[in-house]
Amino acid sequence: MNNLFNLTPRQKLTRARVLLNRSHPFFARLTMLMKFVEMPEIQTMGVDANGVCYYNPDFVDSLSDDELMGTLCHEVMHCALDHLARGEKKEPNIFNIAADLVINDMITANGLKLPKAGLIPHSHRYKLKLPDGNDLLIEDIDKRGAEGIYTQIKNAWKNQNGQGQGNGSGDSSQQGFDKHIYGKSSGQDKDVAGRDSDFWKNKIVEADMSSKMAGKSPLGMNRIVDSITNPKMSWKQLLQRYVRANLPFDYTWSRPNKKTYSSGIYLPNVEKQGIHIVFLIDTSGSMSEKELKEAFGEIMGIVKTIHGVTLHVIYHDTDVYEGSSLLNPTAQDIMKELKNCKGGGGTDFTTAYKYLEEKVKDADVFIHFTDGYDRFPKKFNKPIIICLQSSGKNIDTVKKEVHYGKVIKVEG
Ligand SMILES: [Zn+2]
């Protein structure tokens with residue numbers, strides 16, 4: 001169907017990811033992490049917690065490009081939302097339905113298509129046929145997690161057969177189109193082994209940041225991103241999470257290698273790239289040296305296991321002053337650098353951010369350490385984490401001012 005160019009199933013998968021990258025960069029970025037394995041024994045498609053996607057070539061061939069794009073998003077969201085570990089000890093038939101409803105609601109809300117056999121909600125509602133033929137109305141799917149929906153279905157199901165078993169025959173068209181391989185994943189595949197829920201959480205935050213920069217944020221994702229970047233986490237954990245989300249090298253699969261990506265083929269880029277973190281330090285106000293050292297310490301904790309990290313320090317008040325570029329710095333190097341800090345005048349964020357955009361190339365992430373007392377520029381097109389000092393401006397006020405990057409308040 002629709003396979004005008006006689007593409008092989010594998011080529012169709014690649015093509016679907018390239019098309020997704022244009023229309024839905026958030027989902028595309030996540031699907032780039034999947035590894036595809038052809039498996040004629042499987043009826044349609046299935047996925048495990050590591051992001052290994054097993055597919056029947058005839059199934060892939062039977063889908064239109066649009067359906068295949070939606071299907072890939074469906075599979076990777078099972079990983080990204082940690083469904084395969086979360087559903088491990090639950091009734092699989094029921095958890096399958098709950099997980100598929102959550103994902104399909106999100107995918108169709110973003111204008112993607114799915115195969116007809118999918119359980120597809122309309123206006124965030126779905127009428128589920130119970131084994132005795134009665135309907136169960138599941139509502140507000142966009143505001144609920146898979147567990148809540150699972151419990152609702154399980155209770156209704158239980159009232160029907162009195163055993164609480166989800167193995168009733170039900171309606172086979174309500175079993176979705178894919179296979180969920182529950183459990184923490186076998187870890188057999190070296191390329192993708194050991195991916196845990198933290199790995200996928202970081203990938204969601206990363207995909208969210210980059211799609212925001214591209215001006216194509218997905219609908220319905222804020223609630224999930226907010227729950228990941230829960231303000232109950234300490235500022236240190238948040239800083240670590242945001243920095244990790246921007247590191248170009250994730251130990252297994254890195255960003256698509258530009259050369260192979262443009263030819264439509266995605267290969268793991270095994271070459272380790274240097275990591276370039278820029279610390280922009282506001283020296284205008286009463287900067288707390290203790291907090292600054294702690295922030296540096298957190299970054300050091302992340303980067304000390306990776307070879308080739310450059311910490312580039314830049315100071316600003318109304319002017320911008322270059323500090324040192326420290327390759328694989330030690331704590332002593334950082335202490336020494338901070339003694340040389342320059343500035344002490346007024347504040348001008350616009351000048352500083354303009355400098356970053358124009359003069360600092362190849363940074364993976366910027367971290368701005370500041371009290372926040374100035375007007376932030378309206379736009380900034382690079383990944384930035386604004387780290388507000390504990391004595392600084394109110395975090396909610398700053399979040400309203402900046403529509404880019406992430407804001408953290410240091411708790412002294
Ligand atoms: Zn599914």
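## Exercises on a predicted model

His-124 lies in the loop between H6 and E4. The model is predicted, and the exercises below treat its loops, helices and sheets in turn.

**Exercise 1. Determine what sign phi of His-124 has, and whether His-124 counts as buried, partly exposed or exposed.**

Step 1. The backbone comes first: phi of His-124 is near 65°, a positive value in a residue other than glycine. Most residues other than glycine have a negative phi.

Step 2. The surroundings follow. A residue is buried with 20 or more other C-beta atoms within 10 Å, and exposed with 12 or fewer. His-124 has 18 C-beta neighbours inside 10 Å and therefore counts as partly exposed.

**Exercise 2. Carry out the analysis of phi and exposure for Asp-362, and state where Asp-362 is found.**

Step 1. Asp-362 is found in the loop between helix H14 (349-359) and E10.

Step 2. Its phi is near 65°, a positive value in a residue other than glycine.

Step 3. Because Asp-362 has 10 C-beta neighbours inside 10 Å, it counts as exposed.

**Exercise 3. Describe the hairpin of E4 and E5, and assign the residues of E4 to a covered and an uncovered face.**

Step 1. Strand E4 comprises residues 126-129, and strand E5 comprises residues 135-138. The two pair in the antiparallel sense over 4 bridges.

Step 2. To fix the register, note that Tyr-126 stands opposite Ile-138 in E5.

Step 3. The hairpin has 5 residues between the strands, and Gly-133 takes a positive phi near 95° there.

Step 4. The covered face of E4 holds Tyr-126 and Leu-128, while Lys-127 and Lys-129 form the uncovered one.

**Exercise 4. Test the length of helix H8 against the expected span, then establish what covers its buried residues.**

Step 1. H8 covers residues 197-213, which is 17 residues. The expected span is 1.5 Å times one less than the number of residues, so H8 should span 24 Å.

Step 2. The end C-alpha atoms of H8 are 24 Å apart, which agrees with the expectation.

Step 3. The buried residues of H8 include Phe-199, Trp-200, Ile-204, Val-205 and Met-209. Charged residues also appear in that list, among them Lys-201, Lys-203, Glu-206 and Asp-208.

Step 4. The cover over these buried residues includes helix H2 (25-31), helix H4 (65-80), helix H9 (222-228) and helix H10 (235-246).

Step 5. Just after H8, Gly-215 takes a positive phi of about 70°.

**Exercise 5. Classify the packing of H4 against H6, and list the residues that meet.**

Step 1. H4 and helix H6 (residues 92-109) pack at an angle of about 130°, with their axes 10 Å apart.

Step 2. That angle makes H4 oblique to H6, because angles over 145 degrees count as roughly antiparallel and those from 65 to 115 as roughly perpendicular.

Step 3. The crossing of H4 past H6 is right-handed.

Step 4. On the H4 side, Gly-70, Cys-73, His-74, Met-77 and His-78 take part; they meet Ala-99, Ile-103, Asn-104, Met-106 and Ile-107 in H6.

**Exercise 6. Give the strand order of the sheet that contains E2, and place H4 relative to this sheet.**

Step 1. The order in this open sheet of 4 strands is E1-E3-E2-E6, with mixed pairing.

Step 2. Strand E1 (35-38) and strand E6 (178-180) are the edge strands, each pairing on one side only. Neighbouring strands are turned by 20° against each other on average, direction ignored.

Step 3. Strand E2 (residues 45-47) and E6 run parallel and are joined by 3 bridges. Met-45 has Asp-178 as its bridge partner in E6.

Step 4. H4 lies across E2, strand E3 (52-55) and E6, at about 25° to E2.

**Exercise 7. Analyse the open sheet of 6 strands, including the pairing of E10 with E11.**

Step 1. The strands follow the order E9-E8-E7-E10-E11-E12, and the pairing is mixed.

Step 2. At the edges are strand E9 (320-327) and strand E12 (406-409), each pairing on one side only. From one strand to the next, the twist averages 20°.

Step 3. Strand E10 (residues 365-370) pairs with strand E11 (residues 384-388) in the parallel sense over 5 bridges. Within this pair, Phe-366 stands opposite Ile-384 in E11.

Terms used
Residues numbered from 1 in each chain as written. Predicted model: local features only at pLDDT ≥ 70, side-chain atom pairs only at ≥ 80, totals over all residues. Pairing = 2+ DSSP bridges. Axes fitted to C-alpha atoms, helices over the stretch in contact; angles between N-to-C directions. Contact = placed C-beta atoms within 7 Å. Parallel < 35°, antiparallel > 145°, perpendicular 65-115°, else oblique. Left-handed = near helix turned anticlockwise from the far one by under 90°.
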